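Take a moment to turn the structure around and get a feel for it. Then read on, and we'll walk through a few places worth a look.

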Amino acid sequence: MRNYFEEQLSKLNSELLLMGALCEDAISCAVKCLTESESKCKEGAFSAECEIDRKEREIEQLCMKLLVRQQPVATDFRTVTAALKMISDMERIGDQSRDIAEIADYVTSVGLQAEINISDMARAAVEMVTRSVNSFVKRDIDTAHSVAAMDDTVDALFLKIKGELIAAVKSGHENAEALVDLLMIAKYFERIGDHAENIAEWVVYAITGEHKNLIG
Amino acid sequence: MIKKIFRASFLTALLTLAVSIFFVFGILYQYFEGQLIDELKSKAEYISYAIESGALEKINDVDERITIIAPDGTVIADNKVNVAEMENHLERSEVKQALENGSGTSVRYSETLTEKIIYYAVRMSDGNIMRVSAKHYTVMTILLGLVQPILVVLLTAAILCFILSSRVSKNIVKPINSLDLDEPENNETYEELAPLLKKISRQKKVIGEQLQDAKRKQEEFRLITENMSEGFLVIDAERNVLTHNSAALKILGNSGENISDIFELNREKPFRETVENALSGEKAAGEIGLGERIYSVIANPVFENKKIIGAVIIILDVTERAHREQLRREFTANVSHELKTPLTSISGFAEMMMNGVSDDVAADFSRSIYDEAQRLIASVGDIIKLSELEENSARFERETVDLRELAENISKRLKFAADDKNVTITIIGNAQINGVRKILDEMIFNLCDNAIKYNKQNGTVEIILEKDSLTVRDTGIGIPESAQSRIFERFYRVDKGRSRAVGGTGLGLAIVKHGAICHNAEIRFKSEENECTEISVVFPEP
């Protein structure tokens with residue numbers, strides 16, 4: 001009985017890892033869409049998103065089964081509940097990556113500093129997702145904390161981009177549509193950063209049993 | 001074993017005890033009966049004497065029951081029972097026997113006394129039968145009488161049995177327990193155990209050999225996998241890592257602690273797809289980039305009874321190969337560019353002339369055709385020179401060459417091109433080396449040609465000759481750092497766009513390189529972008 005439980009737990013672990021990897025795929029495809037505007041990337045982001053949704057269902061069912069049938073306690077219980085919370089954050093990351101890939105088609109170069117900042121932001125967001133998944137894989141609290149620290153950078157970049165775009169609109173930039181799209185993309189990256197931070201928080205919860213805002 | 005031996009011996013002892021008690025009782029019973037009858041007989045004789053001597057009245061004082069029966073069976077007297085109530089006793093077996101033989105015994109259950117009774121009858125001298133009877137001791141009565149001593153005996157025996165059996169069983173097992181199984185044949189123990197010990201020793205030997213074999217194989221395997229530079233991983237069907245070598249961990253950048261899922265090592269998409277394809281039963285390969293290096297991942301499924309039980313994964317460093325492939329692609333592109341472009345222009349101009357153009361345009365076109373053809377000839381000439389250098393480097397004749405003379409000659413040849421850009425050529429120093437004049441000429445020519453071509457207006461070119469080295473320094477556009485490692489490649493051009501305007505074949509430095517190889521010389525190179533370029537050929541000391 002216990003053996004079966006251990007097996008299921010390790011399966012949960014593997015599936016979460018896979019879902020994290022899919023998130024990384026989705027977001028890196030989205031970033032590629034933005035920087036290289038390849039149509040293949042867009043499809044990549046879409047298919048990764050579908051896969052992520054499917055994985056979310058699977059992992060959800062697995063968690064429910066574990067909770068109901070095995071009634072885990074202590075660390076095991078925390079692992080399962082943290083997993084349940086993490087998959088919803090991962091699913092959001094997938095959705096937002098898809099949204100970015102979708103918008104990326106309509107964005108034309110506007111020749112602003114904001115674009116460079118967005119690619120910085122994209123890099124930071126990808127790194128955050130990678131680190132949050134790494135912290136889960138290695139059960140490493142330090143890595144989890146570094147994700148929280150990175151979120152500050154991403155937030156600051158977002159504010160900066162926003163200011164630049166507002167200034168561009170005020171000065172009567174001829175391609176206002178692209179500016180709005182850029183703002184949305186920046187917001188999506190900012191949200192992805194938040195979700196990555198959430199994942200890191202749940203990782204810390206699964207390890208220590210304390211859930212709190214890592215920055216707070 | 002102790003338990004079993006103990007139980008067996010204890011039970012045996014108890015059983016023996018019980019059986020012997022049973023037999024003892026049987027014998028005792030017999031013995032008592034005989035005793036009783038004897039006693040009764042002697043009593044009967046006494047009593048019959050007493051009666052005959054007229055002491056009949058006294059029979060009432062005797063403990064035993066005495067009955068006197070007439071020969072016709074009628075009871076004459078009885079000291080315990082009322083005579084009138086008694087029936088004719090002629091049919092009683094002891095009476096019958098007594099009438100016939102003078103005496104008789106019988107053991108019977110007496111209805112009158114409701115007890116088992118022994119009778120003894122004697123025929124007295126007056127013909128009457130005198131019968132004495134006594135209560136028979138039953139087994140039960142004897143037993144009841146003996147119950148206390150028997151219990152004591154039984155208890156003592158049982159306790160003794162218990163102690164002895166446990167001792168005995170322990171003693172039997174002790175030598176077996178103290179057997180030295182490491183050296184089974186050196187034991188002093190029961191001879192019945194000898195065949196077993198022999199067998200054990202034989203098997204021990206076999207096991208030892210097999211173990212050694214297995215250990216050696218394992219060690220071999222470990223040595224092989226640890227010393228290969230390729231990463232090696234074995235996973236099961238659940239993607240759990242079963243075996244890994246240190247190269248794999250190094251490549252994937254993991255410390256190797258607590259890995260269960262292989263995706264903990266790497267979760268890039270090509271890696272995942274390769275692993276998953278292998279686990280679905282297909283041979284799979286993919287490429288992943290880690291840092292600046294490129295790795296090829298090859299995964300093979302492992303089957304057992306047609307079922308996939310895992311996969312073997314090998315990770316190869318293919319950075320060099322990928323890099324070479326890139327170079328080859330670029331080389332091919334460059335070659336076709338250098339050779340095809342002039343041909344295309346020639347063909348284009350010729351086609352236009354074919355369609356008819358005015359004379360002055362035609363003159364212009366033929367000038368262009370001539371230029372392009374010259375370019376092509378120069379390219380082909382350079383290619384031929386290169387292949388000559390490569391193939392026949394050993395057959396060139398060596399002589400002492402005055403480099404100064406050579407350099408002056410070349411600067412004259414290049415004067416036209418230098419004047420075009422207002423570049424001054426200065427020759428400093430003097431040197432004589434042992435080499436092939438033709439090749440040295442080519443080398444210096446190409447170096448100077450480049451130095452002029454890639455110079456700025458009003459720049460300078462210095463040819464510095466030292467004892468065994470030749471340096472050409474210019475104040476030109478320089479070479480960007482990213483291209484510095486590749487300028488000696490054939491057809492390589494730093495600026496692809498400008499090459500047409502500047503001319504040249506892209507083979508000049510390749511010729512210099514091969515010339516240097518011919519002379520066992522070393523090429524040193526120094527360049528700053530937009531400042532200067534300095535290329536030295538250092539000849540070996542004679």
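Arg239(B) sits in the loop that links strand E6 (231–236) to E7 of chain B. Keep in mind that this is a predicted model. Is Arg239(B) buried or exposed? The cut-off for buried is 20 or more other C-beta atoms within 10 Å, and Arg239(B) has 22 of them, so it counts as buried. Its backbone is worth a glance too: phi of Arg239(B) is near 70°, a positive value in a residue other than glycine.

Another residue with a positive phi is Asn422(B), at about 60°, and it is not a glycine either. You'll find Asn422(B) in the loop between helix H10 (415–421) and strand E12 (424–429) of chain B. Here the surroundings are sparser on paper: Asn422(B) has 11 C-beta neighbours inside 10 Å, so it counts as exposed.

One more loop residue of chain B is Asn186(B), which belongs to the stretch between helix H3 (139–177) and helix H4 (194–227). Asn186(B) is exposed because it has 10 other C-beta atoms within 10 Å. If you want a distance to check on screen, try the C-alpha atoms of Asn186(B) and Leu197(B): they are eleven residues apart along the chain and separated by 9.3 Å.

Here are the three loop residues side by side.

| Residue | C-beta atoms within 10 Å | Buried or exposed |
|---|---|---|
| Arg239(B) | 22 atoms | buried |
| Asn422(B) | 11 atoms | exposed |
| Asn186(B) | 10 atoms | exposed |

Now for the strands on either side of Arg239(B). E6 and E7 belong to an open sheet of five strands in chain B, with the order E7-E6-E10-E9-E8 and antiparallel pairing. Which strands stand at the edges? They are E7 (241–244) and E8 (284–290) of chain B; each has a single partner strand, so one side of each is left without a neighbour in the sheet. On average, neighbouring strands of this sheet are turned by 20° against each other, if you ignore direction.

Inside that sheet, follow E9 (residues 293–304) and E10 (residues 307–317) of chain B, which pair in the antiparallel sense over ten bridges. Look for Glu304(B), which stands opposite Lys307(B) in E10(B). Helix H6 (residues 269–279) of chain B packs on this sheet and touches E8, E9 and E10 of chain B. The direction of this helix makes about 160° with that of E8(B).

Elsewhere in chain B, strand E1 (residues 65–69) runs antiparallel to E5(B), and five bridges join the two. One pair to look for is Ile69(B), which stands opposite Ile129(B) in E5(B). E5 (residues 129–135) of chain B is mostly covered, with five of its seven residues buried.

Chain A is built in another style. How many helices and strands does chain A have? There are six helices and zero strands, so to speak a plain α-α-α-α-α-α pattern when you read along the sequence. Chain A has 216 residues, and buried ones make up 44% of them. Take the contacts in chain A between residues at least 6 apart in sequence: 80% of these join residues at least 24 apart.H6 (residues 176–208) of chain A is a good helix to follow. H3 (residues 74–104) of chain A packs against H6(A) at an angle of about 165°, with the axes 9 Å apart. These two helices are therefore roughly antiparallel to each other, and the crossing of H3(A) and H6(A) is left-handed. By class, the contact of H3(A) with H6(A) has 14 nonpolar, four polar and seven charged residues.

H4 (residues 113–138) of chain A also meets H6(A): their axes come within 9 Å and cross at roughly 20°. That makes H4(A) roughly parallel to H6(A), and the crossing of H4(A) and H6(A) is left-handed. The residues making this contact include Ile118(A), Met121(A) and Phe136(A) of H4(A), along with Phe189(A), Gly193(A) and Val203(A) of H6(A). The contact of H4(A) with H6(A) divides into 17 nonpolar, three polar and no charged residues.

Last, see where the two chains meet. Eight residues of chain B are in contact with nine residues of chain A. On the chain B side, these are one nonpolar, one polar and six charged residues.

Definitions and conventions. Residues are numbered from 1 along each chain as its sequence is written. Chains are lettered from A and ligands numbered from 1 in the order in which they are written. This is a predicted model: local features need pLDDT of at least 70, side-chain atom pairs count only at pLDDT 80 or more; totals for chains, interfaces and linings use all residues. Two residues are in contact if their C-beta atoms, placed from the backbone, lie within 7 Å. Ala, Val, Leu, Ile, Met, Phe, Trp, Tyr, Cys and Pro count as nonpolar, Asp, Glu, Lys and Arg as charged, and the others, Gly among them, as polar. Axes are lines fitted to C-alpha atoms, for helices over the stretch in contact, and angles run from 0 to 180 degrees between N-to-C directions. Helices (H or I, at least four residues) and strands (E, at least two) are DSSP runs, numbered from the N terminus. Angles under 35 degrees count as roughly parallel, over 145 as roughly antiparallel, 65 to 115 as roughly perpendicular and the rest as oblique. A crossing is left-handed if the near helix is turned anticlockwise from the far one by less than a right angle, and right-handed if clockwise. Two strands pair if DSSP finds at least two bridges between them. A residue is buried if 20 or more other C-beta atoms lie within 10 Å of its own, exposed if 12 or fewer, and partly exposed in between; C-beta atoms are placed from the backbone.
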